[in-house]
Amino acid sequence: MSVQERKKALRFLFEPLVDKLGYKFTPAEGDADFLLEQEAEIEALTGIPYCPCQARTDDRAENMKIVCPCIPFHRAHYDAMKRCWCGLFVHKDVTDPDKLVQISESKFKAGIK
Amino acid sequence: MKKITIYALSTCLWCKKTKQYFEDKKVPFEAVDYDRQDPEKQAEIRKEMKSAGCDTSFPFIKIGGTCTQGYDPAEFERLLEKK
């Protein structure tokens with residue numbers, strides 16, 4: 001399966017999953033396309049569609065927390081941002097994703113917005 | 001002029017936008033793509049991020065002596081101007 005075909009398949013697979021979590025694909029179509037392409041390529045390399053904006057380490061248990069869609073492992077943090085870390089998914093009510101800011105986990109835990 | 005280092009992932013959209021932000025402002029920076037480094041350098045980067053109290057999410061940016069994580073132009077602006 002080509003990267004382009006896999007991008008379509010990932011979009012088809014992820015949509016119902018994130019819908020149940022109250023999320024949708026970012027309306028920033030160019031960003032969604034880029035991120036899905038990165039994930040398809042990471043999956044072709046590793047066998048798993050890991051998040052393109054978080055590092056994999058040699059700790060498999062930790063790596064499982066960044067398998068897309070990784071929202072359930074970071075629920076409170078991502079809900080605070082109304083987006084996931086890489087921005088592929090946003091809350092269903094988001095219409096202008098460019099206004100959403102990345103809040104690091106350390107800042108979130110310290111209560112800094 | 002403060003020294004700026006960006007730890008990034010070559011696959012990360014917000015790392016691209018962070019680099020673009022500093023390029024647009026004509027502020028020189030050094031960019032290190034974590035996923036293109038050897039394991040020893042990767043371990044070194046992870047250790048540095050952890051000692052700054054951060055997890056391994058990217059981008060991770062050092063502006064002078066201060067670190068920040070995530071694409072946040074307002075924060076970049078604040079740290080650039082900070083005395």
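## Asking why: core, cysteines, pockets and backbone

Author: Leu88(A) touches Lys24(A), Phe25(A), Thr26(A), Ala32(A), Leu35(A), Leu36(A), Glu39(A) and Cys68(A), leaving out residues up to four places away in sequence. Bear in mind that this is a predicted model.

Reader: Thanks, a good place to start. What makes those residues count as touching Leu88(A)?

Author: Contact here means heavy atoms within 4.5 Å. Leu88(A) meets that with each residue I named, including Phe25(A) and Leu36(A).

Reader: Which residues have the most contacts inside the largest nonpolar core?

Author: They are Cys53(A), Tyr78(A), Leu88(A), Phe89(A), Phe22(B) and Phe58(B), in a core of 51 residues. Helix H2 of chain A, residues 29-46, gives the largest share of this core, with six residues.

Reader: Why is Cys53(A) called buried?

Author: Its relative accessible area is 0%. The cut-off for buried is under 20%, so Cys53(A) qualifies.

Reader: And Cys67(B), what is it called at 32% relative accessibility?

Author: Cys67(B) counts as partly exposed, because 32% lies between the 20% and 50% limits.

Reader: How do you know that Cys67(B) is not bonded to Cys54(B)?

Author: A disulfide is a covalent bond between the sulfur atoms of two cysteines. The rule asks for sulfur atoms within 2.5 Å. The closest cysteine sulfur to that of Cys67(B) is in Cys54(B), at 6.8 Å, so the pair is too far apart for a bond.

Reader: How many disulfides are there over all chains?

Author: By this rule the count is zero.

Reader: On to the pockets, then. What volume does the largest pocket have, and which residues are closest to its centre?

Author: The volume is about 500 Å³. Among the 22 lining residues, Glu62(A), Glu105(A), Cys54(B), Asp55(B) and Thr56(B) are the closest to the centre. Two or more lining residues come from each of helix H3 (60-64) and helix H5 (105-109) of chain A and helix H2 (39-51) of chain B. H2(B) gives the most, four residues.

Reader: What classes of residue make up the lining of the largest pocket?

Author: There are 10 charged, eight polar and four nonpolar residues in that lining. Asp and Glu belong to the charged class, and Glu62(A), Glu105(A) and Asp55(B) are among the residues closest to the centre.

Reader: Where is the centre of the second largest pocket, in terms of its closest residues?

Author: The second largest pocket has a volume of about 370 Å³. Of its 20 lining residues, Leu45(A), Arg56(A), Leu9(B), Asp35(B) and Gln42(B) are the closest to its centre. H2 of chain A and H2 of chain B each give two or more residues to this lining, and H2(A) supplies the largest share, four residues. By class, the lining has eight nonpolar, seven polar and five charged residues.

Reader: How many cavities are there of 30 Å³ or more?

Author: The count is three. The largest cavity has a volume of about 50 Å³. Its lining includes Thr26(A), Asp31(A), Arg83(A) and Trp14(B).

Reader: What makes the backbone at Pro69(A) and Pro59(B) worth a look?

Author: Each proline follows a cis peptide bond. Cys68(A) and Pro69(A) are joined by one with omega of about -5°, and Phe58(B) and Pro59(B) by another with omega of about 0°. Pro69(A) is in the loop between H3 and helix H4 (75-81) of chain A, while Pro59(B) is in the loop between H2 and strand E3 (60-63) of chain B.

Reader: Which class of exposure fits Lys82(A), and which fits Lys26(B)?

Author: Lys82(A), at 29%, falls between the 20% and 50% limits and is therefore partly exposed. Lys26(B), at 70%, is over 50% and so counts as exposed. Lys82(A) has a positive phi of about 65° although it is not a glycine. Phi of Lys26(B) is also positive, near 60°.

Reader: Last one: why is Tyr7(B) called buried?

Author: Its relative accessibility is 5%, under the 20% limit, so the term applies. Tyr7(B) sits in strand E1 (residues 4-8) of chain B. Beyond its sequence neighbours within four places, its contacts include Val32(B), Ile45(B), Phe58(B) and Pro59(B).

How values were computed
Residues are numbered from 1 along each chain as its sequence is written. Chains are lettered from A and ligands numbered from 1 in the order in which they are written. This is a predicted model: local features need pLDDT of at least 70, side-chain atom pairs count only at pLDDT 80 or more; totals for chains, interfaces and linings use all residues. Side-chain values use heavy atoms; hydrogens and water are left out. A nonpolar core is a set of buried Ala, Val, Leu, Ile, Met, Phe, Trp, Tyr and Cys residues joined through side-chain atoms within 4.5 Å. Buried means under 20% relative accessible area, exposed over 50%, partly exposed in between (1.4 Å probe, protein chains only). On a 1 Å grid over the protein atoms alone, a cavity is a set of points where a 1.4 Å probe fits but cannot get out, and a pocket is an open set with protein on both sides within 12 Å along at least five of seven lines; lining residues have an atom within 4 Å of a point. Grid points are joined across faces, edges and corners, and a volume is the space filled by probe spheres set on the points.
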